[in-house]
Amino acid sequence: MAQCSMDEREESQLLVLTEVSGIAESLGMELWLRGGWAIDFLLGRVTRPHEDIDFVAWVQDRQRLEAELASAGYEKVPVNEPFCNRQSDFRKNEVDCSLVFITHSVEGEIIMNGLPEWVWRPDSLMTESYTLNGISARVLNPKQLLEEKEVYEQIGRPHRQKDAESKKILKQMILDRE
């Protein structure tokens with residue numbers, strides 16, 4: 001994929017990303033990027049335009065984080081019923097962001113809240129920050145990002161070219177790290 005130039009949408013998304021990350025940090029909460037922006041932060045460059053920003057947070061922080069986002073002018077967007085235990089969606093300045101919430105299973109494994117069948121990798125939540133355009137963020141492990149793309153395919157998500165391209169980038173990234 002060729003590097004895209006920064007446009008107004010991407011700038012707006014990066015501002016929202018910075019603001020949401022700052023809110024979580026000010027509350028002492030952990031937050032990770034997932035999806036396309038996570039890949040871009042891992043690479044240190046923008047690879048393509050993004051529809052939204054995807055975050056991961058602990059479910060025990062959900063109420064406080066949602067309240068603080070609302071106080072900061074984020075509009076809560078309704079989520080389809082099957083997803084309401086595991087996801088919250090928000091919008092600000094025409095930028096959509098989605099937060100999925102994780103927890104620990106009885107066995108201590110990381111799982112998406114409300115979806116205990118999907119056990120995440122123990123190394124999913126990377127501790128280091130990555131920088132893109134002077135902004136730092138923590139991201140999910142590339143192996144977790146790839147696994148997510150593959151799980152969604154297995155459960156019937158329609159083919160999306162951006163997913164195929166992301167999988168190619170993630171596979172190369174994983175090879176380069178080994």
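Which residue of strand 5 is the bridge partner of Asp89? The legends below refer to a predicted model, and the bridge partner of Asp89 in strand 5 is Ser98.

**View 1. Strand 4 and strand 5 form an antiparallel pair.** Strand 4 covers residues 87–92 and is joined to strand 5 over 6 bridges. The pairing of Asp89 with Ser98 belongs to this view. The hairpin of the two strands has 2 residues between them, and Asn93 takes a positive phi near 50° there.

**View 2. Strand 5 is largely enclosed by the rest of the structure.** Strand 5 spans residues 95–104, and 8 of its 10 residues are buried, so the strand is largely enclosed. Strand 2, residues 53–58, runs parallel to strand 5, with 6 bridges joining them. Within this parallel pair, Ile53 has Cys97 of strand 5 as its bridge partner.

**View 3. Strand 5 also pairs with strand 6.** Strand 6 consists of residues 110–112 and runs antiparallel to strand 5, with 3 bridges between them. Thr103 has Ile111 of strand 6 as its bridge partner. In the hairpin of strand 5 and strand 6, 5 residues lie between the strands, and Gly108 adopts a positive phi near 90°.

**View 4. Phe55 sits in the largest nonpolar core.** This core has 50 residues, and Phe55 is listed with Leu17, Leu33, Trp37, Phe41, Ile53 and Trp120 as having the most contacts inside it. Leaving aside neighbours within four places in sequence, Phe55 is in contact with residues including Leu17, Val20, Leu31, Trp32 and Leu33. Its contacts also include Cys97, Ser98, Leu99 and Val100. In soluble globular proteins, nonpolar side chains tend to be buried together.

**View 5. Pro122 is exposed in a loop.** The loop holding Pro122 lies between strand 7 (115–119) and strand 8 (125–132). Pro122 counts as exposed because its relative accessible area is 80%, where the cut-off is over 50%. Pro122 and Ile111 are 11 residues apart in sequence, and their C-alpha atoms are 10.0 Å apart in space.

**View 6. Helix 5 has the span expected from its residue count.** Helix 5 comprises the 17 residues 161–177, which at 1.5 Å a residue should span 24 Å. Its end C-alpha atoms are 25 Å apart, which agrees with that expectation. The buried residues of helix 5 are Asp163, Ser166, Lys167, Ile169, Leu170, Met173 and Ile174.

Technical notes
Residues are numbered from 1 along each chain as its sequence is written. This is a predicted model: local features need pLDDT of at least 70, side-chain atom pairs count only at pLDDT 80 or more; totals for chains, interfaces and linings use all residues. Side-chain values use heavy atoms; hydrogens and water are left out. A nonpolar core is a set of buried Ala, Val, Leu, Ile, Met, Phe, Trp, Tyr and Cys residues joined through side-chain atoms within 4.5 Å. Buried means under 20% relative accessible area, exposed over 50%, partly exposed in between (1.4 Å probe, protein chains only). Contact means heavy atoms within 4.5 Å. Helices (H or I, at least four residues) and strands (E, at least two) are DSSP runs, numbered from the N terminus. The expected span of a helix is 1.5 Å times one less than its number of residues. Two strands pair if DSSP finds at least two bridges between them.
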